[in-house]
Amino acid sequence: MINVYVIGSGIVGVSCALNLLEKGFKVTLIDKENSVKETSFGNAGVITRSSAYLINNKNLIPNLKKYIFNKNPAVRLNHLYLIKNINWSRQFLYQSLEKNQKETLAILIQLFECH
C-alpha cells in the first residue's frame, strides 16, 4: 500500500484525500492548525450550485474600460501579466460572451450533480 500525505485540510485537500482513499491509498491529511478553521471554515466545506459564480461573465466586456485602467476597486489588473499571457487573456474574454457562459454554467452544474 502506498502512503500519501495531503497537505491542507480545506475542501480541496479533503476532496483529494477522499479520492485517494477510494483508490486504495493510505492517506494522511496534514494541516497547520488542529482546529481546521482556515480555507473552508466559512462555508463548512460545502460546495453548492448557488456557489457557482463566473468572474468572466457577460458584464466583463462592458466594464472592461474601468478594469483596464484599474478604476474599479474590486478588480486590479497586472498589465504585464496579461500581455505575457495574451492567449489566456483572449480566451478569458471570449468565455465571457453570453453564448459561452451558458455552456460553462451547464458544465459546472454537471460537476455539482456528480456523485
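## An aromatic pair in H4

Trp88 and Phe92 sit four residues apart in helix H4 (residues 86–95), so about one helical turn separates them; helices here are DSSP runs of H or I with at least four residues, numbered from the N terminus. The model is a predicted one, in which local features need pLDDT of at least 70 and side-chain atom pairs count only at pLDDT 80 or more, while totals for chains, interfaces and linings use all residues. Residues are numbered from 1 along each chain as its sequence is written, and side-chain values use heavy atoms, with hydrogens and water left out.

The structure holds one aromatic pair. Because the ring centres of Trp88 and Phe92 are 5.0 Å apart and their planes meet at 20°, this pair is stacked (centres within 6.5 Å, planes under 30 degrees apart; the six-membered ring is used for Trp).

## How open the two rings are

Trp88 is partly exposed at 47% relative accessibility, and Phe92 is also partly exposed, at 25% (between 20% and 50% relative accessible area, with a 1.4 Å probe and protein chains only).

## The largest pocket

Now to the empty space: the largest pocket has a volume of about 540 Å³ (an open set of points on a 1 Å grid where a 1.4 Å probe fits, with protein on both sides within 12 Å along at least five of seven lines). Its lining has 21 residues, and Phe92 is among the closest to the centre, together with Leu60, Leu64, Tyr67 and Leu77; lining residues have an atom within 4 Å of a point.

H4 gives the most to this lining, with six residues. Helix H2 (64–68) and helix H3 (79–84) each supply at least two.

Definitions and conventions. Phe/Tyr/Trp six-rings, centres within 6.5 Å; stacked < 30°, edge-to-face > 60°. Points joined across faces, edges and corners; volume = space filled by probe spheres on them.
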